[in-house]
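Student: Could you take a close look at one part of this model with me? I would like to hear about the place where the two chains meet.

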Amino acid sequence: MTLLRSENLCKTYPNGTKALNQINFSVDEGEFLVVIGLSGSGKSTLLRCINQLHPISSGAIHFEQQRLDQLQGRALRQHRSRIGMIFQQFNLIPRKSVLTNVLAGALASTPIWKSLLGLYSKAQQQQALAYLRIVGLEHKAYVRADNLSGGQQQRVAIARALMQNPKILLADEPVASLDPSTSHSVMKYLQKINRELGVTVICNLHFLSLVRTYASRVLALKDGKIVYQGAPEDIDEQWFTTIYGEEAVEVSIN
Amino acid sequence: MGNTMITEQQVAQAMPVKRYQASIKAWCMDVLLWSYSLLVLYKLGYQSWWLDLRHVDFYWSEPLYALLAGMLVASSLSYTKASVGKACYGLIAFDEGRSLFRTAAVRLGLLFLLLTLIAGLQVSQVSMREFFSDSGLAGAQRIFTALLNPNFAIFEEALFAAVETVYMAFIATALAIPVAFVLAFFAARNLMKNSALSFAIYAVLRFLMNLTRSIEPLVWAIIFSVWVGIGPFSGMLALFLHSVASLTKLYSEQIEAIQDGPVEAMTATGAHPIQIIWYGVVPQIVLPYLSYTIYRWDINVRMATVIGLVGGGGIGTMLMQYQGLARWNDVGMLVIVIAAIVWLMDYASAKIRAHLK
């Protein structure tokens with residue numbers, strides 16, 4: 001069943017940069033879609049256009065029978081909360097505990113005055129701890145988030161996204177700031193929530209070896225256009241040079 | 001491809017225009033420098049020294065003539081290398097091998113500087129003769145002897161006045177915190193640039209704050225002492241107003257310097273703007289805020305003593321009274337108490353701020 005659909009999506013930044021040009025694709029429920037492409041090819045912009053962190057210039061984004069790009073205010077926030085997001089720089093709240101960071105994922109479903117006072121319900125706290133258990137960090141719940149290692153911070157970010165109870169998880173270069181072994185650990189957690197919790201994942205990646213291991217489908221961008229859509233196994237040498245250019249050499253990560 | 005060609009053409013056309021603009025600016029700069037120098041030479045060199053006039057009058061026609069003369073000189077020199085303006089706007093190619101001090105423009109610039117230095121000494125009436133005169137030295141000795149023999153009988157009185165000063169500074173700071181905290185969000189460019197309305201609020205607020213800050217607390221104290229009467233209250237109001245303005249500026253700069261990441265992450269969770277600020281912005285600014293606020297209290301204590309001089313209450317007012325009565329032994333005591341408090345506040349605030357890092 002189609003969960004998310006993009007129709008002739010275009011994005012031009014105020015400075016005139018055309019970041020996305022006529023993007024058409026759809027994502028089915030339960031997919032692990034990986035978006036690849038060079039830096040500046042529009043991967044990050046695409047993810048941010050999906051949850052409207054960046055407003056789109058033209059085209060449409062359909063999510064759960066709704067035009068996301070036409071929503072505003074409360075309705076937009078409600079739908080955004082159904083789309084989790086994790087980032088290359090983790091973007092946790094500094095000087096706050098891991099648990100507080102995870103609970104921040106429930107902001108959209110918490111009254112403002114309660115969230116300002118930090119009054120989360122027992123059920124919410126239980127749930128936050130449960131998600132921390134899924135990413136294997138239950139014992140770090142009361143540690144300050146900025147004291148954790150990079151890989152651990154990214155796992156907290158995953159738990160925070162899960163706290164939103166999302167249908168889709170957007171992952172913007174989730175392992176680009178991590179070392180190889182930590183990268184695999186974080187990717188395995190993403191695979192786990194994709195398979196066990198049934199959360200659809202759209203993930204930007206740099207390393208083709210990671211793409212082959214984890215992706216169920218691949219979408220390649222070049223200069224803001226889709227140049228390849230298909231199975232990860234079908235990316236051969238020729239496609240590789242089309243996507244990354246003549247001088248690129250495939251680097252693997254073990 | 002088409003794009004790049006257009007830009008190259010534009011650049012080719014823009015270059016002479018830019019050069020033209022720069023040479024006009026350079027000429028204006030030369031005119032100003034020469035008019036100023038000629039005016040100073042006339043007033044100082046001709047009237048004050050050559051004619052040895054006791055009192056030099058000023059007429060509005062003089063700067064006008066100076067401006068005309070400056071235009072003449074600047075124009076006649078504009079095709080030579082002796083032009084400070086052309087050097088400043090990069091219109092003169094400097095010879096790498098030669099010393100800068102052998103360049104005509106640099107030498108001319110130094111000459112202008114020397115002229116200003118001489119004029120400054122003359123205008124401030126700097127006089128070694130006055131400084132080392134017998135009667136002057138005797139007076140200085142009298143005051144220093146008295147200051148160094150402070151009158152300990154008024155120690156209690158001075159201490160009470162000092163406590164008043166510290167509390168006054170504390171209340172001014174404490175009341176300024178919530179006001180500045182709220183205003184800072186409206187004075188932060190990164191939060192307000194998104195719509196025309198919010199940017200207008202930002203611009204107006206920034207302007208008002210800069211205006212308030214550019215008026216010294218001493219002047220505010222004079223205004224408030226007329227408004228609410230002489231005493232600690234007027235001093236407190238003056239410090240409060242100045243603190244609000246400067247804390248708003250410091251706080252908002254801190255907000256402008258935050259990382260966008262947490263804000264973006266909170267937005268992506270579907271949080272309300274208020275929640276985004278509370279979770280994405282506030283945790284990043286709490287410690288710098290505390291540090292600035294304590295520093296501000298420290299500054300306020302120091303300013304409070306000065307403000308007392310114009311009737312802002314506390315130890316400053318006491319200082320002003322005793323100095324008016326020429327009771328130098330008492331003044332000596334007050335100076336010691338003020339120095340001790342300022343040192344203590346300075347030390348304590350530095351310690352606390354170091355631990356907040």
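Tutor: Happily; here is a walk through the interface of chain A and chain B. This is a predicted model, where local features need pLDDT of at least 70 and side-chain atom pairs count only at pLDDT 80 or more, while totals for chains, interfaces and linings use all residues. Residues are numbered from 1 along each chain as its sequence is written, chains are lettered from A in the order in which they are written, and side-chain values use heavy atoms, with hydrogens and water left out.

Let us begin with extent: 29 residues of chain A are in contact with 19 residues of chain B, contact meaning heavy atoms within 4.5 Å. The area buried between the two chains is about 2,100 Å², and carbon and sulfur atoms give 64% of that; buried area is the accessible area (1.4 Å probe) that two parts lose on being put together, summed over both.

Now the polar side. The rule finds one salt bridge across this interface, that is, a side-chain nitrogen of Lys or Arg within 4 Å of a carboxyl oxygen of Asp or Glu. Arg48(A) and Glu264(B) meet through their side chains in a salt bridge, at 2.5 Å from N to O.

As for where chain A's side comes from, helix H2 (73-80), strand E6 (83-86) and helix H4 (112-117) of chain A each supply at least two residues. H4(A) gives the largest share, three residues. Helices (H or I, at least four residues) and strands (E, at least two) are DSSP runs, numbered from the N terminus.
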